[in-house]
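Here are some notes for your first look at this model. Keep the structure open while you read, and go point by point.

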Amino acid sequence: MEKITGGEALMLSLKAEGVKTIFGYPGGAIMPTYDALYDYTRGEKKAFDHILVRHEQAAAHAAEGYARVSGKVGVTLVTSGPGVTNTLTGVADAMMDSTPIVVIAGQVATSVLGSDAFQEVDLVDVAQPITKWAYQIRSAKDIAWAVSRAFFIARSGRPGPVVLDFTKNAQTELIDYEPAKIDFIRSYVPYPEPKEEDIKAAAELINNAKKPMALVGQGVELGNAQEELKAFLEKADIPAGRTLMGLSALPSNHPLNMGMLGMHGSYSVNLKEQEADVLIAIGMRFSDRVTGNLERYAKQAKVIHLDIDPSEIDKCVKTTVSIVADCKVSLPALTALVKKADHSDWKDSFQPLRQKEIDNVITPATKPTEGPLLMGEVAHAVAKATNSEAVLVTDVGQNQLMSARYFKYHKSRSIATSGGMGTMGYGLPAAMGATFGAPERTICCFMGDGGLQMVIQEFGTIMEHQIPVKMILLNNNYLGNVRQWQDMFFHHKQSFTPMTNPDFGKIADAYGIPYRCVSEREDLNDAIQEMLMTKGPFLLETVIKPDANVEPMTAPGKAVDEMVLNVEC
């Protein structure tokens, strides 16, 4: 076989992993690889679509969005120094939210490592705390092994990001390429087997429970265990709340779905957590945004925790029984031992609280009859217009919380949002990636005026590739979530949260993106239909009430049952 360069060896290794789309930005230290990539994006060798982003952070977020909706590994290709450090916010985001991405970054040649060469950064040491694995490829002979190992680690067990630091000499060396397949690493146990005694102990607790409640997280979707979840809940007749990241793990219209957990979740779910006698946490990590004050969280309940990652057990909430395994395996094992149950009285007790929230929060937020447009009504109208079949991608802030609350989820992998890191600027590039991960689905991206302007240069990427993202800008001329907290907890001192914004219509026009601005309620539905019927991208700007708050809310430091329906500032 003819010898090939390390750059081409990388192409063959990525092809062997089933990669179809790469999000990237070229530069000096990765140029030999981009030279090889050229031939693999056209002609007889064509294997990849390369999406040229306008900033490397967007490449990482786009890879995240791709991974979230497809269940596959997202791939980013960037250069050394500032090129890769720009991606690290996305890498940290992926680590917090268990998103499988592989970032491949150029690096200076091994002969000048440690000399502070141009655009050199000690990437492995920088990346290790925020990755599942970080490795420097110093020789072309290691490429196939390193790539296969990277993808195995990224996608297996609890998924997460991997960074490969690709020295320039390894990219240019000539080798006899031999493919590699890594599916085992000593001491790495991605899929621990559940212990029979733990399954039995959990089943006994559930069978004796009078008021059981399930807390459903993204781990259910990461494990492709949505059907197993429904079988378990239905047999044991257990009402369930979902985390922000796990919203589409259980359909919105399922009779056992009681709403969203957490600081801005559903009133009934948060209050009933403090009444349940058994809590079954499934693929969730007891985030502080879910538990509120840990000292007063669910002290009355026995806690069963199902998670693939042993480090999550007892990290925040002390468990009575833990089952460490993939929920695709543990849920059926548990279902086999739980008894068919009827918890009608317990389920019915949620209804008065749900109705109270409908009357005091949901109806006013989604069906106002006067005043400025509200975020909730925009999200509700978009969800209705898409028959709740669209994928919701959000930025971070009020736009995130309101759209997540009022969207509906009938299919799995229907939400992509930055949960653990809360990364402003995530939404638009993640939505770009999602269109490549699920090209058959409508991708609706909700953004605030603050988050959009962190990544507004990606309009260029959208323009170049005519990426069919439906962008909904909720513009209140504020950093809205921070403003809400300032009004609530800092005596209305709105310290640098009001924003003077540009003419977004002129910016959209400059990039050739269809645009419409709506400020009147009677124009909203027509504008949404125009957006959905337009082929390719569309920016719909909605002029939102400036001082509207996200409700209900559990204030920081409060117990979850101290949630208030209406925020007083």
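1. A word on terms first: a cavity here is a set of grid points where a 1.4 Å probe fits but cannot get out, and its volume is the space filled by probe spheres set on those points. By this rule there are two cavities of 30 Å³ or more. Do keep in mind that this is a predicted model.

2. Let's begin with the largest cavity, which has a volume of about 50 Å³. Which residues line the largest cavity? They are R68, Q218, E221, L222, M245, R413 and I415. Sorted by class, that lining has three nonpolar, one polar and three charged residues.

3. The second largest cavity holds about 40 Å³ of space. Around the second largest cavity you'll find S13, A16, E17, A144, V147, S148, Y177, P179 and A180. Two elements, α1 and α7, give two or more residues to this lining, and α7 gives the most, with three. By class the lining of the second largest cavity splits into six nonpolar, two polar and one charged.

4. That brings us to the two helices themselves. The axes of α1 (residues 6-16) and α7 come within 9 Å and cross at roughly 35 degrees, and the crossing is right-handed. On the α1 side, the contact is made by G6, A9, L10, S13 and L14; on the α7 side, by I143, A144, V147 and F151. No charged residue takes part: the contact has seven nonpolar and two polar residues. If S13, A144 and V147 look familiar, that's fair, as they are among the residues lining the second largest cavity.

5. Now follow α7 the other way, to a sheet. Helix α7 (residues 143-155) lies across β4 (74-78), β5, β6 and β7, and runs at about 170 degrees to β6. The sheet in question is open, has six strands in the order β3-β2-β4-β5-β7-β6, and pairs in the parallel sense. Its edge strands are β3 (49-52) and β6 (133-137), each of which pairs on one side only. From one strand to the next, the twist averages 20 degrees.

6. For a closer look inside that sheet, try β5 (residues 101-107) and β7 (residues 162-167), which pair in parallel over six bridges. Which residue of β7 is the bridge partner of V103? It is V163.

7. There is another open sheet of six strands with parallel pairing, and its order is β11-β10-β9-β12-β13-β14. At the edges sit β11 and β14 (321-324), each pairing on one side only. Neighbouring strands here are turned by 15 degrees against each other on average, with direction ignored. At the β11 edge, β10 (residues 240-242) pairs with β11 in the parallel sense over three bridges, and G241 has G259 of β11 as its bridge partner. Towards the other edge, helix α9 (residues 196-207) lies across β12 (278-282), β13 (302-307) and β14, running at about 135 degrees to β14.

8. Edge strand β11 also turns up in a pocket. The second largest pocket has a volume of about 550 Å³. It is lined by 23 residues, of which S266, R354, I362, R405 and K408 are the closest to its centre. β11 (257-260), α16 (351-366) and α18 (398-406) each supply at least two lining residues. Which element gives the most to this lining? That would be α16, with six residues. By class, the lining of the second largest pocket has nine nonpolar, eight polar and six charged residues.

9. Finally, two backbone spots to check. Most residues other than glycine have a negative phi, and most peptide bonds are trans. S98 has a positive phi, near 55 degrees, and belongs to the loop between α5 (88-96) and β5. The peptide bond from E551 to P552 is cis, with omega near -5 degrees; look for P552 in the segment after β20 (538-543).

Note on methods
Residues numbered from 1 in each chain as written. Predicted model: local features only at pLDDT ≥ 70, side-chain atom pairs only at ≥ 80, totals over all residues. Heavy atoms only, no water. Pairing = 2+ DSSP bridges. Helix = DSSP H or I, 4+ residues; strand = E, 2+ residues; numbered from the N terminus. Axes fitted to C-alpha atoms, helices over the stretch in contact; angles between N-to-C directions. Contact = heavy atoms within 4.5 Å. 1 Å grid on protein atoms, 1.4 Å probe; cavity = no way out; pocket = protein on both sides within 12 Å on 5 of 7 lines; lining within 4 Å. Nonpolar A, V, L, I, M, F, W, Y, C, P; charged D, E, K, R; others polar. Left-handed = near helix turned anticlockwise from the far one by under 90°.
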